Amino acid sequence: MHIVVCIKQVPDSAQIRVHPVTNTIMRQGVPTIINPYDLFALEAALELRDKFGGEVTVLTMGPPSAEDSLRKALTFGADRAVLLTDRFFAGADTLATTYALATAIRKISTEFGPPDLVFTGKQTIDGDTAQVGPGIAKRLGLLQLTYVAKISALDLEARTIDAERRSEGGVQILRTRLPCLVTMLEATNQIRRGAMADALRAARAPIVKWSAQDAGVEDISKCGLRGSPTIVKRVFAPAARSEKAALIEVGEQPAEALIEAIFKRQPPLEAELATLARGY
Amino acid sequence: MSTAPKTPSQAAGGRASTKKELPEHFKAYKHVWVFIEQERGVVHPVSWELMGAGRKLADKLKVDLAAVVIGPDGEATQHAAAESFCYGADLVYMVADNLLADYRNESYTKALTDVVNTYKPEILLLGATTLGRDLAGSVATTLLTGLTADCTELDVDADGSLAATRPTFGGSLLCTIYTLNYRPQMATVRPRVMPMPERVVRDTGRIVSHPLDLVEDDIVTKVLSFLPDRDSAKSNLAYADVVVAGGLGLGSPENFQLVRQLATVLGAEYGCSRPLVQKGWVTSDRQIGQTGKTIRPKLYIAAGISGAIQHRVGVEGADLIVAINTDKNAPIFEFAHVGIVTDAIRLLPALTAAFRARLSPHSRDRIAS
């Protein structure tokens, strides 16, 4: 069995700051991490490989420094890492990204064997779009299972996969056919600590590096900024609210004073809360 | 996996200034459409919120607003279509087929793609729900057009282009995105970001039916079963009128009980900021903010939450934001309406007791009289 896991190296968004005067992003010193949801995808793939045998290939598109994330994935136990890196990919939106990644997965398929499964995280913490997984599936003509909490069965002979998919009002248990693309939800599996042997291997393992041409990109105008139908026209900081919070004095009865301030500001709330609170 | 938010320099140096004439074959694309999401017979409220936003865009463009209703052939789908008129639709495109009883990517992507290719909307809006995001990503890739995720503002420019604004860099900045030379211009919007428009009782108008043109054997994916969330387990955070939330200032997972106790007394939902989910104190369905839920309550009480921009994005729609924090310089006081600089761990039990006393049946009589 061959599984391809797409990961992305992202800035740790919790640590990004905006320059107070220029309203520009201060990226200096912001550490990069593997997108946390992609780690759940990687772990799911490794668990399946350990159970059914086969290989896990991790793939990322990014600047040369994204090699760090691939090496990290190798320490967790991935068998092979592919870095898709080229200045032609810069500025790609989701549609252009899926074109490049789908092309690379086709190349992986001919070089290292066709994947039975392609995994991604449900979304990234920088772009937050959740569109790249479904886009890759569509580009490759794969079936797709998004927001998967658990893979409940895999039958390699019958070529079927059963998965629990989170939907708005509950959980769908779906069965579809391999090959298929799965996007993984959070917190259903703990990412492993890599084995010492994997760590040693990862430090020296070769990383496959492909330019657009190496990966077999046929139409460079479909990549990067040129291949992106969406255009960012304006970036700006959210408007500051004109008034700051009215601060309540911490006196003898701060709780009562706070409640008084709340109801004074929104008088209808008291009757509504009394209704809501009924029964407690 | 996703796309990197583009930097301002890329935006300035990119194609933004090189708008070409819209290709000839896209000129027939007119009107604003909203995908009406229904699952198991219930329309997701985000669809009506989008009808409110769609109505404004359509009025500004002087075009029709259409609802797209996709579902099983039966009463629920007919009802969703009828309701669409009450929320401002000029007409409804409907694909009703029993193969669409359950949401499956293959059948819904085909249904929506076919209707788009046949009737050619200029703008297509969907909810950024699990269903909406799954469907929007597939449809946009099939149509090879642009899709802007999780918008917080939608507007049209003087030249008629859709200006879709969304948070970027984890919510620390906003960016406005255009899909200039492709159609339709697609966008998703999260539940509760747009206000719910008023429902006006109206007669059903023109319904255009479109066939699905599939048989069950064409659809590979099968639904083996569906486990609905138990009501007790289900968090109604996004639609709650009152929300109490806790952050790192609570100090320990045990202290999070204080948030739940106040929520119980207020008949409220409880939530938290992202670090508490990362620490495993609270489950992810309770997370409020950029990577969690957007809320729009009448009253929001934030206890021990510093108010990072990622959190602010998720709570800005609240009517009244109350902040409790020991640090008077915490960013939350920049966007809260009422604040108190004190330790939430000490204030919360007193607040719970005071609310209980104030809202007791005896007090209710007082309010009524």
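In this predicted model, D150(B) forms a salt bridge with R190(B), the closest N and O atoms being 3.1 Å apart, where a salt bridge is a side-chain nitrogen of Lys or Arg within 4 Å of a carboxyl oxygen of Asp or Glu. D150(B) lies in strand β7 (residues 147-151) of chain B and R190(B) in the loop between β11 (185-189) and β12 (206-209) of that chain, so the pair ties together parts that are 40 residues apart in sequence. Helices (H or I, at least four residues) and strands (E, at least two) are DSSP runs, numbered from the N terminus. Both D150(B) and R190(B) are buried; buried means under 20% relative accessible area, exposed over 50%, and partly exposed in between, with a 1.4 Å probe and protein chains only.

Because the model is predicted, local features need pLDDT of at least 70 and side-chain atom pairs count only at pLDDT 80 or more, while totals for chains, interfaces and linings use all residues. Residues are numbered from 1 along each chain as its sequence is written, chains are lettered from A and ligands numbered from 1 in the order in which they are written, and side-chain values use heavy atoms, with hydrogens and water left out.

**Salt bridges**

Over all chains, the search of the whole structure finds 29 salt bridges. The table lists some of them, including one that joins the two chains.

| Pair | Closest N and O atoms |
|---|---|
| K110(B) and D114(B) | 2.5 Å |
| E316(B) and R312(B) | 2.7 Å |
| R358(B) and E270(A) | 2.8 Å |

K110(B) and D114(B) both belong to helix α4 (residues 105-119) of chain B and stand 4 residues apart, about one turn of the helix. K110(B) is partly exposed, at a relative accessible area of 25%, and D114(B) is likewise partly exposed, at 23%. In the pair formed by E316(B) and R312(B), E316(B) counts as partly exposed at 33% relative accessibility, whereas R312(B) is buried, with a relative accessible area of 12%. In chain A, salt bridges that share partners join R49(A), D50(A) and D79(A) into one network.

**Aromatic rings**

The count of aromatic pairs comes to 8 over all chains, taking rings of Phe, Tyr and Trp (its six-membered ring) as paired if their centres lie within 6.5 Å, with planes under 30 degrees apart counted as stacked, over 60 as edge-to-face and the rest as tilted. One of these pairs, W48(B) and Y87(B), is stacked, at 4.5 Å centre to centre and 10 degrees between the planes. This pair links distant parts of the chain, since W48(B) is in helix α2 (residues 45-61) of chain B and Y87(B) in the loop between α3 (75-86) and β5 (91-96) of chain B, 39 residues apart. W48(B) is buried at a relative accessible area of 7%, and Y87(B) counts as buried at 13%.

**The contact between the chains**

The contact, defined by heavy atoms within 4.5 Å, takes 100 residues from chain A and 104 residues from chain B. Chain A and chain B bury about 9400 Å² between them, 60% of it on carbon and sulfur atoms; buried area is the accessible area (1.4 Å probe) that two parts lose on being put together, summed over both. In chain A, E168(A), I231(A) and R241(A) lose the most area to chain B, together 8% of what that side buries. The count between chain A and chain B is 6 salt bridges. Helix α7 (residues 254-265) of chain A gives the largest share of the side of chain A that touches chain B, namely 10 residues.
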